[in-house]
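Please look over the sequence and the structure shown below before reading on. The paragraphs that follow will lead you from one ligand to the other, and then to some details of the protein chain.

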Amino acid sequence: MKIIMLGAPGAGKGTQAKKIAEKYGIPHISTGDIFRANIKGGTELGMKAKSYMDQGQLVPDEITIGMLMDRIKENDCQKGYVLDGFPRTIPQAESLTKALADMGDKIDYAVNVDVPDQVIVTRMSGRRACLSCGATYHIVYNPTKQESVCDTCGSQLVLRDDDKPETVLNRLTVYHDQTQPLIDYYKKAGVLAEVDGTQNLDKVFQDIVSILGE
Ligand code: ADP
Ligand code: ADP
Ligand code: ZN
């Protein structure tokens, strides 16, 4: 099963993608996590991506598309995957559609997690991220057992630089300009599914499972 998560930054794509990956036994592929791992490792890709990410801008398609295409060719992707944070532009979506079509394949579901902008800003200021395993938490809505420590891997959690309010507003503008048009793109492709992302974490997941099947 090949799934795309759509939605604004902070809509809950990553949170739900992790649960989907676990339930259906497919890898969770987050382009944001791949970029952050490269920044942490000091790679050339990481250095290129960092300046864009810090400003809340998208990393250019020339860098992002090649990186994602390499990832989905890896062995663990044969049974499918859940993409979180890709595609974010029409050219990214078109490249993915074409690469899959060349293999006689296609995306099964594009799940749009719908959350209004006002809710996003409060969610982001409370988000805490684990840069080691990619888990995300929320200080109120999804707290860790021990404050500031990742439940999954025990690493120290951080407030991401790009989750500060001024950068979040830039990211929302970028989202509306460049990413929101993908909702229509996947609706036309006949694979769009919409869920109400303002519900609690478990209810959102239940709605997604009822779309994807048990
Ligand atoms: P969030 O989960 O809050 O939506 P991500 O971790 O997905 O954020 O992305 C963080 C940043 O990484 C983005 O603001 C952008 O700079 C960069 N990024 C991630 N995915 C892409 C992509 N598909 N295209 C361009 N830039 C991306
Ligand atoms: P995205 O990957 O779309 O940027 P995340 O999954 O990282 O979003 O979620 C953003 C923040 O909101 C995190 O702090 C997360 O714990 C929290 N969150 C996710 N889903 C919900 C929900 N349904 N209700 C309340 N908070 C949520
Ligand atoms: Zn962790």
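In the pocket of ligand 2, a polar side-chain atom of Arg127 lies 2.6 Å from an oxygen atom of the ligand, a pair that fits the meaning of a polar contact (two N or O atoms within 3.5 Å; within protein, one must be able to donate a hydrogen and the other to accept it, and residues adjacent in sequence count only if both atoms are side-chain atoms). The model is a predicted one, in which local features need pLDDT of at least 70 and side-chain atom pairs count only at pLDDT 80 or more, while totals for chains, interfaces and linings use all residues. Residues are numbered from 1 along each chain as its sequence is written, chains are lettered from A and ligands numbered from 1 in the order in which they are written, and side-chain values use heavy atoms, with hydrogens and water left out.

Thr15 also reaches ligand 2, with an N or O atom of its side chain 2.5 Å from an oxygen atom of the ligand, and for the side chain of Thr136 the corresponding distance is 3.3 Å. Taken alone, ligand 2 exposes 560 Å², and the protein buries 94% of that; such areas come from the Shrake-Rupley method with a 1.4 Å probe, and for residues only the protein chains shown count as cover. Helix 1 (13-24), strand 6 (136-138) and helix 9 (201-212) are the elements that give two or more residues to the shell around ligand 2, where helices (H or I, at least four residues) and strands (E, at least two) are DSSP runs, numbered from the N terminus. In total, 20 residues surround this ligand, and Gly10, Gly14, Thr15, Arg127 and Tyr137 are the closest; a residue is near a molecule if one of its heavy atoms lies within 4 Å of it.

Which residues are the closest to ligand 1? They are Thr31, Gln57, Gly85, Arg127 and Arg171, from a total of 21 that surround the ligand. Oxygen atoms of ligand 1 take part in two of the pairs to follow: one is 3.3 Å from an N or O atom in the side chain of Lys13, and one is 2.9 Å from an N or O atom in the side chain of Arg36. A nitrogen atom of ligand 1, in turn, is 2.8 Å from a polar backbone atom of Gly85. Ligand 1 exposes 560 Å² when taken alone, of which the protein buries 96%. The largest share of its shell, four residues, comes from helix 2 (residues 31-40).

We now turn to the chain itself. Arg71 is found in helix 4 (residues 61-72), and it counts as buried because its relative accessibility is 18%, where buried means under 20% relative accessible area, exposed over 50%, and partly exposed in between (1.4 Å probe, protein chains only). The side chains of Arg71 and Asp76 are joined by a polar contact of 2.8 Å.

Two backbone details complete the tour. The peptide bond from Phe86 to Pro87 is cis, with omega near -5 degrees, and Pro87 is found in the loop between strand 3 (81-84) and helix 5 (90-102). Ser148 is not a glycine, although it has a positive phi of about 65 degrees; this residue is found in the loop between strand 6 and helix 7 (165-179), and it is partly exposed, with a relative accessible area of 30%.
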